[in-house]
Amino acid sequence: MVSPEQREAVPNEVMMQKIWEVKEQNIELQEQLSRALKAPRIISQLLINRGVGSCKEAQGFLEGGFADLHDPFLLKDIKQAVRRIKKAVSGQEQVMICGDYDVDGVTSVAIMVKVLTKLGLRPKHYIPDRLKEGYGLNKPVIRKAGREGVSLLIALDCGTANFKEVEYAAGLGIDTIIVDHHQPGDGLIPKALAVINPKRGDSTYPYKDLAAVGLVFKLIQVLTGQQEALSYLDLVTLGTIADVVPMTGENRLIVRNGLDRLTNTRSPGIRALIGISGLSNKEITSRHVSYILAPRLNAAGRIDSAALSLGLLLTSENQEAVSLAKILDQKNKERQKIQQKTFTEIIGKIEEGKEINFKVHKTIILWNENWHLGIVGIVASKIAERYYRPTIIISLKEGVGKGSGRSIRDFHLFNAVKKCGRFLERFGGHKKAIGLTVMADNLSDFRQMANLVASEELSWQDLTPKVEIDSEISLNDLSLELLEEIKKLQPFGPQNRYPVFSSPNVILKTAPEVVGRRHLKMWITDNGAVYPAIWYDKAVLSSLDWEKKPFAVAYSPSVRVWQGRKELHLEIKDIKLKD
């Protein structure tokens, strides 16, 4: 199908061979689950692939509710935090709430402001400027808080790494409560009045992957009671999905039961955001949040101030909400233009081959003074996906580099960067994503050390993209009824991704055609069923010699409505040509 000459004309990342990893089929457990659930065996295997090992676990996965959430009192320091907040309420103390500038942080701050206001306080709130101040607590803000009589500081989605700042606040007579989900460095936490973080070394909390807004939800459960906490479930769901945390355990319970609250929200701000995004009168899904709502909320913090997003979530006025939603929509368009320009520049640098040599380097680390700090994380993610290498993109300004990194499946980026710590001013993050600050003079040494670490920990096979396949099936096994069963596995997200199947002997029914300039559309068959399929960003392959030879295809099936009629449609993930 692809001649050597044709391969030369196609970009490397398009032709990159992928390793297909088909999940092991557990026939015995399939049968047990299918009998108990009265479900197709394909659905049973999908549940097994997602860690379900018994009929009881399957019922919990499919039907779990808030009664299945863990007791919030299992979180370390939550009693101290609630006791201190209640003291502040009874004493009418001045409280300041600080948060991160992403959706998780902004939704966390919005909830805490609403709750404390309802309890009778008039809390101050502060979200740092990404470009001027960076992530986390900072001394100038704490100093200002001290001058304004603040006696309690509540840090949300930040604070775990702010040892000096917490100590500084204590010196000013300010107590600090930290509600955060970031990994503590070396297992250590600041000496705050309370640190609610399930990742702290002495935590016995059963679920470690709650977003910060999920932890705020647990705190509110104790502070105000379950029913009051549930009234903020639209915000909790929004922040949880946006932070790309695993869609397992409590996260799944929150989102599964919270998407309906989000769809039918009473919040003027969220309603306006849904409207400006073209989602009015639609059932909001996790995909809508990830790709439509969250980018608009994040855009303000990326290229301007997250105060715009917070204002939208706090307003009770419909007119103001519509106005702010329009501004956020425009900010998102600006962000997209800046992002595309930077993405194109970085691809040019990589393809030029002067700074990055894929025969030697196992990471992509690049920097430039013209790259906007607010979008380096998104671009790093797209570059890592395109070339399947751990990627760090750094924005330089006045001799200081600030950047974001994204990893691939088999590489713990935080641990790797930690080994390069002597070249960095500060860093933080987790396995898949990091943020860092580095002086310009140390950039080359940092890149060299990072590549050395990667060369020791990554094999060349690790740098081959993987396609995780739930099951090998025939196209004839697909049906609209099966798709209805698959919907019951929602919400989808990390560690509960949308199902991927493979079919081994498929041929083209029609020649591929380019749609939307970048995508390839075709009809495929296995001499039985015939389905339309689209392969995103593969329009370049339209010029290849597509003969009617059999091939294997990996894909995700979905339902689309065309002229009022439902039809099954395939989204191709990869194709393997037959020899």
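Asp157 is located in the loop that connects strand S4 (150-156) with helix H9 (163-171). The structure is a predicted model, and this briefing considers its charged side chains together with one buried serine. A search of the whole structure finds 28 salt bridges, yet Asp157, although buried, has none.

**Buried polar and charged residues without a salt bridge**

- For Asp157, the nearest side chain of opposite charge is that of Lys199, 9.0 Å away. Because a salt bridge requires the nitrogen and the carboxyl oxygen to lie within 4 Å, a separation of 9.0 Å does not qualify.
- A polar atom of the Asp157 side chain does, however, lie 3.4 Å from the backbone nitrogen of Gly105.
- Ser395 belongs to strand S8 (residues 391-397). Its relative accessible area is 10%, and Ser395 is therefore buried.
- The side chain of Ser395 comes to 2.6 Å from the backbone oxygen of Trp371.

**A salt bridge between buried partners**

- Glu93 and Arg84 are joined by a salt bridge between their side chains, with an N to O distance of 2.8 Å.
- Glu93 has a relative accessible area of 17% and is buried.
- Arg84 also counts as buried, at 7% relative accessibility.

**Salt bridges between partly exposed partners**

- Lys144 and Glu148 form a salt bridge through their side chains, at 2.7 Å from N to O.
- Lys144 counts as partly exposed at 40% relative accessibility, and Glu148 is partly exposed with a relative accessible area of 32%.
- A salt bridge also connects Lys419 and Glu457, whose closest N and O atoms are 2.5 Å apart. This pair links distant parts of the chain, 38 residues apart: Lys419 sits in the loop between helix H19 (413-418) and strand S10 (426-429), and Glu457 sits in helix H20 (residues 443-457).
- Lys419 is partly exposed, with a relative accessible area of 45%; Glu457 counts as partly exposed at 34% relative accessibility.

**A network of salt bridges**

- Salt bridges with shared partners unite Glu21, Lys23, Arg50, Arg409, Asp410, Lys466, Glu468, Asp470 and Arg497 in one network.

**A positive surface patch**

- Lys139, Arg143, Arg147 and Lys164 form a positive patch on the surface.
- Helix H8 (residues 139-147) supplies the largest share of this patch, namely 3 residues.
- Lys139 lies in helix H8. With a relative accessible area of 35%, Lys139 is partly exposed. Residues must have over 30% relative accessible area to enter a patch, so the 35% of Lys139 satisfies that condition.

Definitions and conventions:
Residues numbered from 1 in each chain as written. Predicted model: local features only at pLDDT ≥ 70, side-chain atom pairs only at ≥ 80, totals over all residues. Heavy atoms only, no water. Patch = residues over 30% accessible without salt bridge, like charges linked within 9 Å, V, L, I, M, F, W, Y side chains within 5 Å. Areas by Shrake-Rupley, 256 points an atom, 1.4 Å probe, with all protein chains shown as cover. Lys, Arg positive; Asp, Glu negative; His and termini not counted. Charge placed at Lys NZ, Arg CZ, Asp CG, Glu CD. Helix = DSSP H or I, 4+ residues; strand = E, 2+ residues; numbered from the N terminus. Buried < 20%, exposed > 50% of the residue type's maximum accessible area, 1.4 Å probe, protein only. Polar contact = N/O pair within 3.5 Å; in protein donor to acceptor, adjacent residues only side chain to side chain.
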